[in-house]
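Visitor: Could you pick one small part, look at it closely, and then work outward from there? I'd like the pairing and the charges in one go.

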Amino acid sequence: MDLRIKSFEEYKAKYAQSVEKPEQFWDEIANSFNWVKKYDKVLDWEFETPKVEWFSGGKLNITENCLDRHLAKRGNKLALIWEPNDPKERFVRWTYRELYEKVCQFANALKSQNVKKGDRVIIYMPMIPELKVAVLACARIGAVHSVVFAGFSASAMADRIEDAKAKVVITSDGLNRGTKQIPLKRIVDEALESCSSVETVIVYDCLSWLPNMKPGRDVWWHDVIKDVALECPAEPMDAEDMLFILYTSGSTGKPKGVVHTCAGYMVYAAYSFQNVFQVEESDIYWCTADIGWITGHTYIVYGPLLSGATSLMFEGVPTYPDPGRFWQICDKHSVNIFYTAPTAIRALMACGDDHVLSYSLDSLKVLGTVGEPINEEAWQWYHLHVGKRNCPIVDTWWQTETGGIMISGLGAHSPMHPTHAGYPLPGIQPALLNQEGKEILENEEEGYLCIKFPWPSMIRTTYGDHERCKNVYFSHYDGYYFTGDGAKRDKDGMYRIIGRVDDVINVSGHRFGTAEIEDAMNTNPMVVESAVVGYPHDIKGQGIYAYVICNEMPTDPDFARGSIIETVVEQIGKIAKPEKIQFVSGLPKTRSGKIMRRILRKVAEGEADKLGDTSTLLDPDIVDEIVSGAI
Ligand code: PRX
């Protein structure tokens, strides 16, 4: 059960073992879980198809490992502390037994609504405890959950519902986020106008808004849980049965449904959680992510529960009612381990030190960051003002596709180097590849970050389109999983993540494909063509810079900008709003019609003097126009 490595020496030994005898290494870890039927084989794999199977022949249910197995020893231990958006409202605390009963009850309610093993369920909810219940209840009965972040628009949700062919949507009337309220049920209704697969919508009453309820389709959460039992046998799942689909953006087309399966994901979620954060039995752990992203799946829901930990969940935003909210919550609940995003740190840093200095923060032991590279200044601020120089910072590199943390420090046991994620966890074999696809073996070199051996929580497929999974991740370099990131290895072998090398923009730790935003903008009737690039942004890490060709140069550019932004918000959501829109009469294209994004990036970055060779462009003059009109 205690899967922790407890020193750097032990780390090195385990790492070596994990490379020499990977199957034995993972077998020992997997053995500590509850299996309905023990697996026959630890691993079967090849990266060509790709086909990766972990713990095949095994049967299990992840919720038995999250809940049932803790009841004897930890039945009265807190599983969850929930802090509401409004600090004046009451917070919620549930023990493992209470959470178990609520999950079983809602699992029975799902069954009563005809939800069966393998059915896809879209969850579009606020950060309330019932979101956790909904996720676990799906897993309990073998339904495949797909959580959609509650900041996505109706159109983005409709795409996901259609792709997953979801049968059920679980939502709420609305949500609170800072001073704002968002009418979730209304957004679901709009999405469902174009989706035919959904038979049932379950609505949690969060704000007493009395939304429209469509007879025969919409039911209230509080009604469906009436009269059902508080015990629900867990569905025995095959190790490689689907556990969830989570949509994420890539460099081409619509977001893809990343598929994670039951056993491997379970093993890696618990193993990485315990090791990276070095969680002790009595610790209070808080991850500020939203369950709509992979961080929330692995390190709010599954990792902590699999480990019997107490995990705090927060409904609101870091700046409401003031920029001291995170620190107030840390002191109020004596948080020991705190995991957040560089964007949040930078945003709070910009609000001034007074907000953090008025809290003691003396319960904190380990700090973490995730989602994007952390700059030195933000790292130092976090270390000094939040950690009071006493807390190691784990800079955790991973992806939706990796399912869990891949490169990171292990609490205080690893050497720490600001802006460096550090060393791979035992079991993870990263590689840097050069332009020719050859592995770079030396240190102090930079290259394309790949992984050369499978790990249990790796992506298995992209839902409904295995070819896409192969093309995006396994076809760039034969025999390697390609991450899409560039990285540098320093003289000591520590990894520093440089950022995406594909057409993915990371805004506040959220991924968007340039094509995805361009497709959205192009649906605006004024827009003929557009090209989007990322540029460095002080708070968000990267901002979105759009070059737009309209059918006529807009006479009122502010109006046109407003209209285009509105289109993006409608198509994707507010999180994908372009920061800057420049109207242009043409784009720098090669003779074969390919947009030279390198030029657009340089202009957006304010480095128009470093454009390099533009002679291969179809119309080199367009560059002067773009440079002179840069925002
Ligand atoms: O570019 C890397 C960046 O976030 C990408 C993955 O995004 P997503 O799937 O949304 O998952 C985010 C949370 C795990 C990566 O390809 N990234 C993630 N963590 C780090 C990071 N970049 C630098 N340092 C990190 N610690």
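Guide: Strand β27 and strand β28 (residues 510–513) run antiparallel, joined by four bridges. Strands here are DSSP E runs of at least two residues and helices are H or I runs of at least four, numbered from the N terminus, while pairing needs at least two DSSP bridges between two strands. Before we go further: this is a predicted model, so local features need pLDDT of at least 70 and side-chain atom pairs pLDDT 80 or more, though totals for chains, interfaces and linings use all residues. Numbering runs from 1 along each chain as its sequence is written, and side-chain values use heavy atoms, without hydrogens or water.

Back to the hairpin. Two residues sit between its strands, and S508 takes a positive phi near 50°. I505 has F512 of β28 as its bridge partner. Look along β27 (residues 504–507) and the side chains split: V504 and N506 point one way, I505 and V507 the other, and all are buried (buried is under 20% relative accessible area, exposed over 50%, partly exposed in between, with a 1.4 Å probe and protein chains only).

Now for an open sheet. Its five strands come in the order β22-β21-β23-β25-β26, with antiparallel pairing. The edges belong to β22 (439–440) and β26 (495–500); each has a single partner strand, so one side of each has no neighbour in the sheet. Between β25 (residues 481–489) and β26 there are five bridges, again in the antiparallel sense, and R489 stands opposite Y495 of β26.

On to charges. The salt bridge count comes to 37, where a bridge is a side-chain nitrogen of Lys or Arg within 4 Å of a carboxyl oxygen of Asp or Glu. One of them joins D40 and K37, at 3.7 Å from N to O. D40 is exposed at 63% relative accessible area, and K37 is partly exposed at 38%.

Another pairs K77 with E281 at 2.7 Å, N to O. K77 is in the loop between α4 (71–74) and β4 (78–83) and E281 in the loop between α10 (262–277) and β16 (284–287), so this pair ties together parts 204 residues apart in sequence. K77 is buried at 17%, whereas E281 is partly exposed at 42%.

Then there's D159 with K254, at 3.3 Å from N to O. Here D159 of helix α7 meets K254 of the loop between β14 (242–248) and β15 (256–261), 95 residues away. D159 is partly exposed at 28%, and K254 is exposed at 53%. Elsewhere, D2, R4, K6 and E280 form one network of salt bridges with shared partners.

Helix α7 (residues 154–164) also holds D163, partly exposed at 31%. D163 joins E162, D465 and E467 in a negative surface patch. Patch members have over 30% relative accessible area and no salt bridge, with like charges joined within 9 Å.

Note on methods: Patch = residues over 30% accessible without salt bridge, like charges linked within 9 Å, V, L, I, M, F, W, Y side chains within 5 Å. Areas by Shrake-Rupley, 256 points an atom, 1.4 Å probe, with all protein chains shown as cover. Lys, Arg positive; Asp, Glu negative; His and termini not counted. Charge placed at Lys NZ, Arg CZ, Asp CG, Glu CD.
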